[in-house]
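Colleague: I have a structure open on my screen and would like to talk it through with you. Could we take it piece by piece?

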Amino acid sequence: MRLDLRSDYERAVTIAEIISLIKNCAFDWFYCDKIATKVKPFASERKNAFLKIGFLPSSKPLVGDGGETYYDYYVLTE
C-alpha cells in the first residue's frame, strides 16, 4: 500500500492520524506480522509521526525476497 501526500499535508499530526486509522487492521488485511515504511533521515515530520504511533527504526536493513537490501525503514510489529 502506498500513501502519497501533498507537501502541505506532510505534517506529523496529519500523518499520525491517517496511519492510526489503518495500522491495527493492516496486520489482518495483509496477513503480515510487521509493517515497514521508508523514512529518509531528512524527513523529520514523517519520522516524528511514525515514532509517535509506535514504529521504530529498523536496526538492520530490510531484505527483499530477491536479496535486495532496503535502508531507512521504520517498523511496527504485531
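Colleague: Which residues form a nonpolar patch on the surface?

Modeller: Happy to help! First, this is a predicted model, in which local features need pLDDT of at least 70 and side-chain atom pairs count only at pLDDT 80 or more, while totals for chains, interfaces and linings use all residues. Residues are numbered from 1 along each chain as its sequence is written, and side-chain values use heavy atoms, leaving out hydrogens and water. A patch takes residues with over 30% relative accessible area and no salt bridge (a side-chain nitrogen of Lys or Arg within 4 Å of a carboxyl oxygen of Asp or Glu), joining like charges within 9 Å and nonpolar side chains (Val, Leu, Ile, Met, Phe, Trp, Tyr) within 5 Å. With about 400 Å² of accessible area together (Shrake-Rupley method, 1.4 Å probe, only the protein chains shown counting as cover for residues), the patch members are Met-1, Trp-29 and Phe-30.

Colleague: Is Trp-29 buried, partly exposed or exposed?

Modeller: Trp-29 lies in helix α1, residues 12–29 (helices are DSSP runs of H or I with at least four residues, strands are runs of E with at least two, numbered from the N terminus). Buried means under 20% relative accessible area, exposed over 50%, and partly exposed in between (1.4 Å probe, protein chains only). Because its relative accessibility is 47%, Trp-29 is partly exposed.

Colleague: How are the rings of Phe-50 and Phe-55 arranged?

Modeller: The whole structure holds three aromatic pairs. Rings of Phe, Tyr and Trp (its six-membered ring) pair if their centres lie within 6.5 Å, with planes under 30 degrees apart stacked, over 60 edge-to-face and the rest tilted. For Phe-50 and Phe-55 the centres are 4.8 Å apart and the planes at 80°, so the arrangement is edge-to-face.

Colleague: What is the distance, centre to centre, between Tyr-70 and Tyr-73?

Modeller: These two form an aromatic pair as well, with 80° between the planes of Tyr-70 and Tyr-73. That makes the pair edge-to-face, and the centre to centre distance is 6.4 Å.

Colleague: Which residues does Thr-37 contact, leaving aside neighbours within four places in sequence?

Modeller: Thr-37 sits in strand β1, residues 34–38, and is buried because its relative accessible area is 16%. Contact means heavy atoms within 4.5 Å. Its partners are Arg-46, Phe-50, Phe-55, Asp-72, Tyr-73 and Tyr-74.

Colleague: What pLDDT does the chain average?

Modeller: pLDDT is the predictor's confidence in each residue, from 0 to 100. Here 100% of the residues score at least 70, and the chain average is 92.
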